[in-house]
Amino acid sequence: MLECRSYLPWLTQRLKEKGVKFEQRKIASLSEVCSDYDVVINCCGLSARTLLNDQGVKPGRGQIVRVHAPWIKHFLLTHNLSTTYYNSPYIIPGINVVAMGGLNQLGDWDEGWREEDEKKIWDGAVEMIPSLKGARVVGKWTGLRPVRERIRLERDTVNDTPVIHNYGHGGYGVTYHWGCALQAAILAAKAMDDIAAKTSSYRVPKSRY
């Protein structure tokens with residue numbers, strides 16, 4: 001079981017150990033960073049709507065209730081073929097807690113907590129596993145998935161700088177992240193090779209990515 005709350009800090013530390021530098025800042029367009037790097041990999045998620053005017057990216061709002069239920073050992077995922085994915089009850093045991101959910105409200109930007117949605121989650125979970133009714137709540141979470149009809153994973157050019165787009169994974173970001181990252185790296189390496197081929201003499205690249 002991969003839990004992002006522990007996995008992402010671990011992955012960040014691994015990257016730092018390999019010399020990767022992290023910088024946090026707000027930009028209004030990709031052109032603001034393209035002049036600083038040889039290749040840019042864009043993983044902007046929902047911000048593609050403003051950065052790239054990609055209106056095909058939409059929020060998929062979800063809520064999760066985390067409970068202490070160590071007796072739950074198996075995953076339970078349901079699918080309603082008449083609605084979008086993640087819009088029916090699911091129960092996912094983690095390392096320390098069990099996540100209960102079942103919402104994917106497309107086009108909804110509300111990041112606030114809704115009691116009526118919490119009730120829907122509880123009702124669906126308890127219907128599948130009645131013993132969850134007495135489980136102690138340890139956390140509640142609301143988030144927006146970057147939903148797109150198709151993941152955008154391709155090479156583009158912005159101000160003569162190669163840009164590798166990698167966004168729009170919806171609720172499958174953790175599932176797809178390693179494979180998509182490998183493909184993005186392949187595209188970035190090819191872009192670097194193309195840059196090297198165009199130069200008459202070798203130069204040290206400003207950044208590998």
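The following exchange examines how several labels applied to this predicted model are justified.

Colleague: What makes strand 2 and strand 7 a pair?

Modeller: Two strands pair if at least two bridges are found between them. Strand 2 (residues 58–68) and strand 7 (residues 136–158) are joined by 11 bridges, so the criterion of at least two is met. The two strands run antiparallel, and G62 has G143 in strand 7 as its bridge partner.

Colleague: How do you know that strand 7 also pairs with strand 8?

Modeller: The cut-off is again at least two bridges, and 8 bridges join strand 7 to strand 8 (residues 161–169), so these strands count as paired. They run antiparallel. One of the bridges places H165 in strand 8 opposite E154. Strand 7 and strand 8 form a hairpin with 2 residues between them.

Colleague: What is the phi of N159 in the turn of that hairpin?

Modeller: N159 has a positive phi of about 50°. D160, in the loop between strand 7 and strand 8, has a positive phi of about 70° although it is not a glycine.

Colleague: Why is a positive phi worth a remark in such residues?

Modeller: Because most residues other than glycine have a negative phi. A further case is N53, whose phi is near 55°. N53 lies in the loop between helix 3 (48–51) and strand 2.

Colleague: Why are N53 and D160 called exposed?

Modeller: Exposed means over 50% relative accessible area. N53 has 58% and D160 has 76%, so both values satisfy the definition of exposed.

Colleague: Why is the contact between R61 and D117 called a salt bridge?

Modeller: The definition asks for a side-chain nitrogen of Lys or Arg within 4 Å of a carboxyl oxygen of Asp or Glu. For R61 and D117 the N to O distance is 3.0 Å, so the contact qualifies as a salt bridge. R61 lies in strand 2 and D117 in helix 4 (residues 115–128), so the pair ties together parts that are 56 residues apart in sequence.

Colleague: Are R61 and D117 buried or exposed?

Modeller: Buried means under 20% relative accessible area. R61 stands at 0% and D117 at 7%, so both residues are classed as buried.

Colleague: Which other residues are linked with R61 in a network of salt bridges?

Modeller: The network links R61 with D108, D110, R114 and D117. The side chain of R61 also has a polar atom 2.7 Å from the backbone oxygen of G112.

Colleague: What makes the R61 and D117 side chains a polar contact as well?

Modeller: A polar contact needs a pair of N or O atoms within 3.5 Å. The two side chains make their contact at 3.0 Å, so the distance condition is fulfilled.

Colleague: How do you know that R155 and D194 form a salt bridge?

Modeller: Their closest N and O atoms are 2.8 Å apart, so the pair falls within the 4 Å limit. R155 lies in strand 7 and D194 in helix 5 (residues 173–198), so this salt bridge ties together parts that are 39 residues apart in sequence.

Colleague: Why are R155 and D194 called partly exposed?

Modeller: The class covers values between the 20% and 50% cut-offs. R155 is at 37% and D194 at 23%, so each is assigned to the partly exposed class.

Colleague: How many salt bridges does a search of the whole structure find?

Modeller: The search finds 13. Among them is the pair E23 and R25, with closest N and O atoms 3.1 Å apart. E23 is exposed at 57%, whereas R25 is partly exposed at 42%.

Colleague: How many cavities of 30 Å³ or more does the structure hold?

Modeller: It holds 1. The largest cavity has a volume of about 40 Å³.

Colleague: Which residues line the largest cavity, and how many of them are charged?

Modeller: The lining consists of L77, T78, H79, Y86, S88 and Y90. By class, there are 3 nonpolar and 3 polar residues, with no charged ones. Tyr and Leu count as nonpolar, so L77, Y86 and Y90 belong to the nonpolar group.

Conventions. Residues are numbered from 1 along each chain as its sequence is written. This is a predicted model: local features need pLDDT of at least 70, side-chain atom pairs count only at pLDDT 80 or more; totals for chains, interfaces and linings use all residues. Side-chain values use heavy atoms; hydrogens and water are left out. Helices (H or I, at least four residues) and strands (E, at least two) are DSSP runs, numbered from the N terminus. Buried means under 20% relative accessible area, exposed over 50%, partly exposed in between (1.4 Å probe, protein chains only). A polar contact is a pair of N or O atoms within 3.5 Å; within protein, one must be able to donate a hydrogen and the other to accept it, and residues adjacent in sequence count only if both atoms are side-chain atoms. On a 1 Å grid over the protein atoms alone, a cavity is a set of points where a 1.4 Å probe fits but cannot get out, and a pocket is an open set with protein on both sides within 12 Å along at least five of seven lines; lining residues have an atom within 4 Å of a point. Grid points are joined across faces, edges and corners, and a volume is the space filled by probe spheres set on the points.
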